[in-house]
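User: I am new to this structure. Please walk me through it in short questions and answers.

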Amino acid sequence: MPKLKNIKKVLVIGSGPIIIGQAAEFDYAGTQACRALKEEGLEVVLVNSNPATIMTDINIADRVYVEPINVEFLESVIKRERPDSLLATLGGQVGLNLAMALDEKGILSEYNVKLLGTQIASIKRGEDRELFKETMEKINQPIPESTIVETVMAACEFGKKIGYPLIVRPAYTLGGTGGGIADDEEELIDIVQKGLGYSPISQCLIERSIAGWKEIEFEVIRDAADNCITVCSMENVDPVGVHTGDSIVVAPAQTLNDKEVHMLRQASIDIVRELGVCGGCNVQLALDPFSENYYVIEVNPRVSRSSALASKATGYPIAKVTTKIAVGYNLDEIENAVTKKTKACFEPTIDYIVLKFPRWPFDKFVTADRTLGTQMKATGEVMAIERSFEASMLKAIRSLEIGLTHLEMPELKALSDEEIKDRIKLIDDQRIFVITEALRRGITIDYIYDITKMDKWFLYKINNIVKMEKALQTHPLTPSLLLKAKKLGFADSVIGGYVGKTMMEIREMRKANGILPTYKMVDTCAAEFEAETPYYYSTYATEDEVAVSDKKKVVVLGSGPIRIGQGVEFDYCSVHSVWALKELGYETIIINNNPETVSTDFDISDKLYFEPLTLEDVLNVIDKEQPEGVIVQFGGQTAINLAGPLDKAGVKILGSSVDSIDRAEDRERFEQLLTDCEIPRPKGHTVFDTAGALKAAADVGYPVMVRPSYVLGGRAMEIVYNDEELKHYMSSAVKASKEHPVLVDHYLQGTEVEVDAICDGKEVLIPGIMEHVERAGVHSGDSIAVYPPRSLSESVIRTIINYTNKMALGLEVKGMINIQYIVRNDHVYVIEVNPRSSRTVPFLSKVTGVPMVNVATKAAMGRSLKEQGYRAGLKLFPDYYAVKAPVFSFNKMSNVDITLGPEMKSTGEVMAVDYQYSRALYKACIASGINVPHEGSILITVADMDKEEAAEIAKGFEELGYRVTATGGTAEYLNNHDIEVRVATKVSEGSPNILDDIKEGHISMVINTTNHGRDAERDGFKIRRSTVEHAIACLTSLDTARELQHVMSAMRRRRVISIVALQDLAWED
Amino acid sequence: MHKIVRKGKLVLKDGSVFEGDLYGKRNAVGEVVFTTGMSGYQETLTDPSFCGQIVVMTYPLIGNYGINPMFNQGKKSYFQGYVIGEMCDYPSNWRSEETLEAFLEKQDVPTLVGVDTRAITRKIREYGVLKGIIVPAETSQEEIDALLATPDAHDQIAQVTTKEKYTLGNGKYHVAVLDFGIKQNILNYLQCFDCHLTVFPAYTPAEEVLAVNPDGIFLSNGPGDPKDVPEIIANVQKLMGKKPIFGICMGHQILALANGADTYKMKFGHRGVNQPVKDLRTGKIVISSQNHGYAVDEKSLEGKNIRISHISMNDGTIEGLEYGDHPSFAVQYHPEACPGPGGHEALFIRFIDMMEGR
């Protein structure tokens, strides 16, 4: 029972979709919170729009509402469920902002809902710039000179008074959206103008820049009795100036003496006490590298990304403890879940060094501005644990999956020393690699320090890595040198590279000389007490602590860092796979390196190895544990990529075989399968050069879909319409060769359909079929998906079932299979098959009631569908509709084109369910953040070939009372088709033009498609970017626009707010 | 890569051996203990309470921010030996004046580097503190056996206490300090709280102490077993009731023994800066710096007018006592921090209050 007796039913607000600045860490925190509440016997009501989460599973909360997270929907949930209390500090900034809004609107008091944990007044003192400043002044905590402005003019005045550089931070925004550093007045004007737009309360904080100071963070926990502890100190390798989410971070702080550590620790505690936070709180401070002067930068009065990191870095479950505090416990009444003997009221101490490295999406957004500043750009992160900085760093690099195994970027080799020196100045995602390259070239630490202000301690450590490289290059590889290299964290493959040997040869040499990793425990207490957590990391030391049991075991590979194309959904799958294996009586072992996730919580699997997901690191764990086999089908492409090499190394891949995976991935073998099964696919060829591509295109006919043969998330995939574009693509987008062929397929314009099915080798269960709103050509991850399908005929559905069965059985799938189809004129074509879990599995599991990963895992382990009580075939469609919609983070990424195409661009997704299709879609749009206007003017500017369709859509909007604005050709066309159009000036026709219209708020939505000429796109690009900056909806697919228009028409006179709990959905067997 | 002096090893009484790179000229023989603080290595190295011990740092990266004399807690390091994971070659901090390696050389502390310190910690956790030696790798078994058979050290206080009485500061309250190996920051704290100090050698007779007519008496921290010093205990008995007494660590243990309580040797003690202590009077928990291998036995308090004021949240052992028969109190932990967290000023204020007769 909770300490507070009057609590019975708690409402928990999740953080919604994954966006830059708010990733999987809140699924981890929220799941821990819900479990901690249930432990207390409380009824939990959860609202979260993100279906790809563990926390929205029906067994995590008693009532799960996958609904838009806004005041209206929350009020509706409160009204129906009548919770007595609200827990809002575990749902990120979204949760916090919403709690404040609910309070302000009087909803909490109206329905008698008590806010648990940190109270509104405390939240405001931490969040509101002016109140924060006052509070800090009251307790003599220094904050940089600053002012709050609501106008650009005021900002300029402040600049005149205290000088530049200045930092601009818009109030109440995520990840510092819209902020930046201004070096002069001109820059200040630009940043403030935008910042005021981003801030929901039109406020910006302007403050003196302390760029170059050490950036230190403390995670603090306080209870209602005013007991206060710090969980962990963290030091950013990148000094102040780079957002902490984009910084390389180590824990504990490395370059501070004891006096400095405790000075900042005490400041953090004093601040948290004064704010009156109850639960977890993050405090960021800047320390002058040459004195004991410091400034308080920021406080987050809630569980945050940093607290997830601190939890995983120390083993201290901050979210759980925060939840227990919220229901009335004090720190000395909460068990230390790690030791089970001591209490949560202590400060963790660690005996290793943790390093966090951000994962940026620049591999996807190649045109994006890569510089790092106050605006966070990373989509995810990895964490590494080792006993030296060097080894931690190298482990982190290996974990990133950016094609590197070492702190070395081959393309930097080509730069001259001068160019390298120049590049050091650039603060971007590659800086650490540039610095290492500079050290390799003999550029001095002092030189690098003067530019970067990165503490020399870090630079010396990186130089140790460079020194070891030189040693490996110049000395024979003796066992003693090999051991030293391993202690510094060098990968076998990297060592092999220096001495002309393969990774396997080095591995053999290691084994022959007894150079094996030892595994140590993460126990919160540096071994002072016996701990029970099965949470391990590798290091080359003398004692290994892992007790290997004689139980039958299975290793589940996780999915590494969150990135575009591989999000939290694969973590969801890994966790469910572990749970299913536990049900079968296996000891489960997870290998993963993402600190934000549920899978790396220490009480999910029987054993957690926090390691990079490379062949070497995985094989080492397998050597140690000797499992029956490895499950790869739930860890996304990360795990799938390891299947072949693991198989070759003699490791049993459980479920679908490596041969099945290869038959789906290898073009020729896949075609053979389709031929054997008599399944059609769009005609296509594999080519190795431009001439071949042109010939192939001529054969299959334009438009063609072109892409490199090995892709993840549609990378470098394009639709081209003519020879010219094809030549351009072949010369710029890909480097085709014999080893890296390019695929040229006819682009079939039709309805895209997606199926996730489970096969036990004999029978196939199809839980559901999803139909996409956008036609083929828009990446499936960026499409709106609808379940059950709305437009498919019975014959098409029958064909899809038939093809799915044939392919699953033909590929001898044991477990999950995902297939994408195109339906055109009632013909069904296959475009892609993946014998693994897909992005849509959590969504489909939730809306069909089939625990897909559970069933698939058991199938992979040899349990037939029949044994599991499932009937083969397609599950009966339900009486409701479920819509999955993509969510983008374009406002964090300047210079990225928001047009949807074959390359995936979304960072997350939302789901909505309703008994009425229109409402489900409408809710999905709201949840996904599309700013759906109810009136005003819609700007339509579309490609020539789209004009006919656009006219039809424009007509629809006009009938709903919207005005239509268009430029040039589109305006004329629409005019000729009986639509009243306001003609706007094109960007190229001088100003004021359409961009000014957008800026001044005359446009409430944009529908834009591109002409397929590179130059003509420039205007469109500007328009699209300006919609992002001014937060108005921009639809780049006519399908989305049409659907939205239909839905708005259907919803015009209907209630939008209508909620449904997942527990209330009626599932038929 | 480190400059390798020579190969060396730590040999424990139970025969276990941990190899590493050996810095320093002499052998080390002493009780092997571990401490879990992540920063504060210099304060630890110079804390006289570690006199005669071989100290294992559980945090592997040592020496990161160099050395600055201002952080010294004693006149020198009384360590017998030092065992660490990694010695930082290139420290980086604006306060750094020399490297850890240079400091250790000057202080003549044999140091074993590159050791799996967690493995040693786990051993000590299981078996309790053990005697151990640090010797060069090639040392013969006879020599090792002989070193391990060296009698245990006793009365380390005599080694670390001041030879002469001296005075410090010019504050309002006159405090007589019995120096059992006092840390510099205790002296600093007392002065900050408006005290001027007369610091006495540990064995100064009570009469001499009282002769300066202090407002209060402070019993300091110090190394070793409190039962090694019956003479001091007897002395303290003469001071009790005469003036308010405040004790820290060894001072706390000696005061308890002087009041008829008993102390015992703990399995592996409390050494670190993350130790939670509950103040039983307020119910509040403070995080404290601790360094003790002995504790006051709770059972021995039965029937005495002594109240437990603080306990360890980790194992329930006594961390502070208040005496009913005379105005005295003491804590087992280190409110003066250095290394570790502060926030314990209330104890010093309380001492002032007592001296004021409040």
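## Questions and answers

User: Leaving aside neighbours within four places in sequence, which residues is B:Pro136 in contact with?
Analyst: A word first: this is a predicted model. B:Pro136 lies in strand 9 (residues 130-136) of chain B. Leaving aside its neighbours within four places in sequence, its contacts are B:Arg6, B:Gly8 and B:Leu22.

User: Does B:Pro136 count as buried, exposed or partly exposed, and why?
Analyst: Count the C-beta atoms around the residue. Buried needs 20 or more within 10 Å, and exposed needs 12 or fewer. B:Pro136 has 14 C-beta neighbours inside 10 Å, so this residue counts as partly exposed.

User: What separation do the C-alpha atoms of B:Pro136 and B:Met313 have?
Analyst: Along the chain, B:Pro136 and B:Met313 are 177 residues apart. In space, their C-alpha atoms are separated by 40 Å.

User: Which residues of strand 19 of chain B are buried on its two faces?
Analyst: Strand 19 of chain B spans residues 328-331, and both of its faces are covered. One side carries B:Ser328 and B:Ala330. The other side carries the buried residues B:Phe329 and B:Val331.

User: Do strand 14 and strand 19 of chain B run parallel or antiparallel?
Analyst: Strand 14 (residues 245-248) of chain B is joined to strand 19 of chain B by four bridges. In this pairing B:Ile248 stands opposite B:Val331. The two strands run parallel.

User: What do strand 18 and strand 19 of chain B form?
Analyst: Four bridges join strand 18 (residues 318-323) of chain B to strand 19 of chain B, and these strands run antiparallel. B:Tyr323 has B:Ser328 as its bridge partner. Four residues lie between the two strands, and together they form a hairpin.

User: Which strands are the edge strands of the open sheet in chain A?
Analyst: Five strands of chain A make up this open sheet, with parallel pairing. Their order is 3-2-1-4-5. Strand 4 (residues 85-87) of chain A pairs with strand 5 of chain A over two bridges, and A:Leu86 has A:Leu115 as its partner. The strands that pair on one side only are strand 3 (63-65) and strand 5 (114-115) of chain A.

User: Why is helix 28 of chain A largely enclosed by the rest of the structure?
Analyst: Helix 28 of chain A covers residues 841-848. Its buried residues include A:Phe843 and A:Lys846. The helix is largely enclosed because its buried residues number eight of the eight.

User: Which residue follows helix 28 of chain A, and is its phi positive or negative?
Analyst: Look just past the end of the helix. Phi there is positive, near 80°, and the residue is A:Gly849.

User: At what angle do helix 14 and helix 16 of chain A pack?
Analyst: Helix 14 (residues 431-440) of chain A has its axis 9 Å from that of helix 16 of chain A. The helices pass in a right-handed crossing. Among the residues that meet are A:Ile435 and A:Leu439 in helix 14 of chain A, and A:Ile462 and A:Val466 in helix 16 of chain A. The packing angle is about 55°.

User: Which helix gives the largest share of the side of chain A that touches chain B?
Analyst: Here 43 residues of chain A are in contact with 41 residues of chain B. Helix 9 (258-275) and helix 16 (456-474) of chain A each give two or more residues to that side of chain A. The largest share is five residues, and it comes from helix 9 of chain A.

Key:
Residues are numbered from 1 along each chain as its sequence is written. Chains are lettered from A and ligands numbered from 1 in the order in which they are written. This is a predicted model: local features need pLDDT of at least 70, side-chain atom pairs count only at pLDDT 80 or more; totals for chains, interfaces and linings use all residues. Two residues are in contact if their C-beta atoms, placed from the backbone, lie within 7 Å. Two strands pair if DSSP finds at least two bridges between them. Axes are lines fitted to C-alpha atoms, for helices over the stretch in contact, and angles run from 0 to 180 degrees between N-to-C directions. A crossing is left-handed if the near helix is turned anticlockwise from the far one by less than a right angle, and right-handed if clockwise.
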